[in-house]
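Hi everyone, thanks for letting me go early today. I'd like to walk you through one protein, so have a look at the screen while I bring it up.

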Amino acid sequence: MEPTNRFESVRQEADWEQIAADDDFFARRLAIATEYLPDDTQGIVSENDSPDIFFRYSLNPYRGCLHGCSYCYARPSHEYLGMNAGLDFESRIVVKQQAPQLFKEWLARPKWQPEPIMLSGVTDCYQPVERDLKLTRGCLEVAHAARQPMRIITKNALVTRDLDLLSEMAKWNGISVAISVTTLDAELARKLEPRTSTPEARLRAIAQLTAAGIPTSAMTAPIIPGLNDHEIPALLQVVAEAGAINAGYVMLRLPLAVEPIFLDWLEHAVPQQKDRVLSRLRSVRGGRLSSGQFGERLRGTGEIASQINQTFQLFAKKYGLTRSWPELNVAEFRPPTTKSGQKWLF
C-alpha cells in the first residue's frame with residue numbers, strides 16, 4: 001500500500017482501468033527493488049522525553065525497515081523525508097553510513113554524562129542490510145571501547161552474529177538485549193512480519209544470548225486484540241524456557257498512516273478475523289482504533305485491556321519473568337578520542 005504523505009500538497013492517483021488485464025505489468029510492479037539511500041546527517045543520537053518510554057537516548061543507524069511489519073509505529077517517520085509510510089518505508093532504506101564515527105564523536109563531547117543508550121528504538125538495527133554494512137556492529141565496537149552501556153531491541157536473529165562483542169560487553173555489565181516475539185504461529189508471522197526472523201529463530205537467539213551471559217528480555221509486542229492475545233500464556237512459557245529474564249508487551253498502536261496500512265493488511269492477510277480484531281481494538285481504545293494519550297497508549301483501557309494485562313502479569317509471574325531490567329554499568333565510561341586523534345579540552 002502507498003498512502004499519501006500528510007506533508008505533501010500534490011498527490012498522485014494511479015488509474016489502472018486501461019491496463020487491468022496486463023498481468024506482466026502488475027508482476028513487474030509487485031517486484032519492487034530495494035533502494036539504499038545515503039544519509040549525510042551529522043546527528044546520530046536522539047533524545048526522548050516521552051513519559052511512556054523507559055529510555056532517554058536512542059541510536060538508529062537506519063531509517064525505514066525492510067522487515068515490512070504492517071503494524072510498525074515508525075512508518076510515519078518516513079513522511080518527513082518526502083516518502084510514504086507504506087512501500088517506501090520498507091523498500092527505500094536510508095543508511096547513516098558514518099554512524100560509528102558520528103557516535104564516537106558524540107560520546108567524546110565533554111558534556112556527556114553517561115547513561116544507557118538504546119539501539120535502535122525506532123527501526124530495527126539488525127534488519128537484513130546490517131548483515132553487509134555492519135553499522136550496528138561498528139556502533140557497538142565504539143561503545144565497548146568507551147565503556148558506554150547499550151541496550152538493544154530487535155526481532156532479527158542476526159543479533160547473534162555479534163555474540164563475541166556482546167559477551168565482552170556483558171563482562172563489564174554494559175549490555176542488555178530484548179528480542180521481540182509476536183506470535184508462535186510461523187504462518188501468521190510470515191504474513192505479519194514478512195522479512196524478519198521466524199519465531200523459532202528468535203527463540204534460538206534468546207537461548208544463545210542467554211548462554212553467552214547476556215541479559216536478555218522478551219517483548220511480546222504488539223499485542224493485537226483478537227489476533228494474538230490468546231497466545232500470551234504460550235509466548236511467555238517459551239521465552240522463559242529459552243532463558244529470558246523478563247518480558248513486556250505493548251498494545252497495538254495505529255498512529256497516522258499506520259492505520260490505513262494495517263487495515264489494508266487485515267483485509268488481505270486475515271479477512272476472516274478482520275471484524276473481530278477491529279471490534280476488540282476499538283474496545284481497548286475507547287471506541288477508536290488508536291490513542292496517542294500518554295499513560296494509556298501502550299496498554300489501552302477498558303475491560304478487555306484489563307483482562308489482557310491481568311493475563312500477562314499472571315503468566316509472567318508463573319514463568320519467572322518479572323525481574324527488573326538490569327542496571328547497566330556507567331561508572332567505567334571513558335571518553336573516546338575525536339576524529340583528529342585528540343580529546344576535547346572544553
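I'll start with the overall picture, then go to the sheet, the core, and one pair of helices.

So, before anything else: this is a predicted model. The protein has twelve helices and ten strands. Its C-alpha atoms fill a box of roughly 65 × 50 × 35 Å along the principal axes. What radius of gyration would a compact globule have with 346 residues? The answer is near 20 Å, and the protein has 21 Å, so the two agree. Buried residues make up 51% of the 346. And if you take the contacts with a separation of 6 or more, 79% of them are between residues 24 or more positions apart.

Okay, the sheet. It's an open one with seven strands, in the order 2-3-6-7-8-9-10, and the pairing is mixed. Why is one side of strand 2 and of strand 10 left without a neighbour in the sheet? Strand 2, residues 45–47, and strand 10, residues 247–248, are at the edges, and each has a single partner strand, so there's nothing in the sheet on the other side. For strand 2, three bridges join it to strand 3, residues 57–59, and the two run antiparallel. If you want one pair to look for, V45 has L59 in strand 3 as its bridge partner. Helix 3, residues 99–107, packs on this sheet and touches strands 2, 3, 6 and 7. The direction of helix 3 makes about 170 degrees with that of strand 6.

Now the inside. In soluble globular proteins, nonpolar side chains tend to be buried together. Here, the largest nonpolar core has 77 residues, and F103 and L140 touch the most other members. Which helix gives the most to this core? That's helix 12, residues 303–318, with six residues. There's also another core lying apart from it, with five residues, including Y62, I93, V95 and V129. Back to L140: leaving out residues up to four places away in sequence, it touches L119, Y126, M150 and I152, among others.

Last stop, two helices. The axes of helix 8, residues 199–211, and helix 9, residues 232–242, come within 8 Å and cross at roughly 35 degrees. Helix 8 brings L203, I206, A207 and T210 to the contact, and helix 9 brings V238, V239 and A242. Of these residues, six are nonpolar, one is polar and none is charged.

That's my tour, thanks!

How values were computed. Residues numbered from 1 in each chain as written. Predicted model: local features only at pLDDT ≥ 70, side-chain atom pairs only at ≥ 80, totals over all residues. Heavy atoms only, no water. Axes fitted to C-alpha atoms, helices over the stretch in contact; angles between N-to-C directions. Helix = DSSP H or I, 4+ residues; strand = E, 2+ residues; numbered from the N terminus. Contact = heavy atoms within 4.5 Å. Nonpolar A, V, L, I, M, F, W, Y, C, P; charged D, E, K, R; others polar. Pairing = 2+ DSSP bridges. Core = buried A, V, L, I, M, F, W, Y, C linked by side-chain atoms within 4.5 Å. Buried < 20%, exposed > 50% of the residue type's maximum accessible area, 1.4 Å probe, protein only. Rg over C-alpha atoms; globule rule 2.2 N^0.38 Å.
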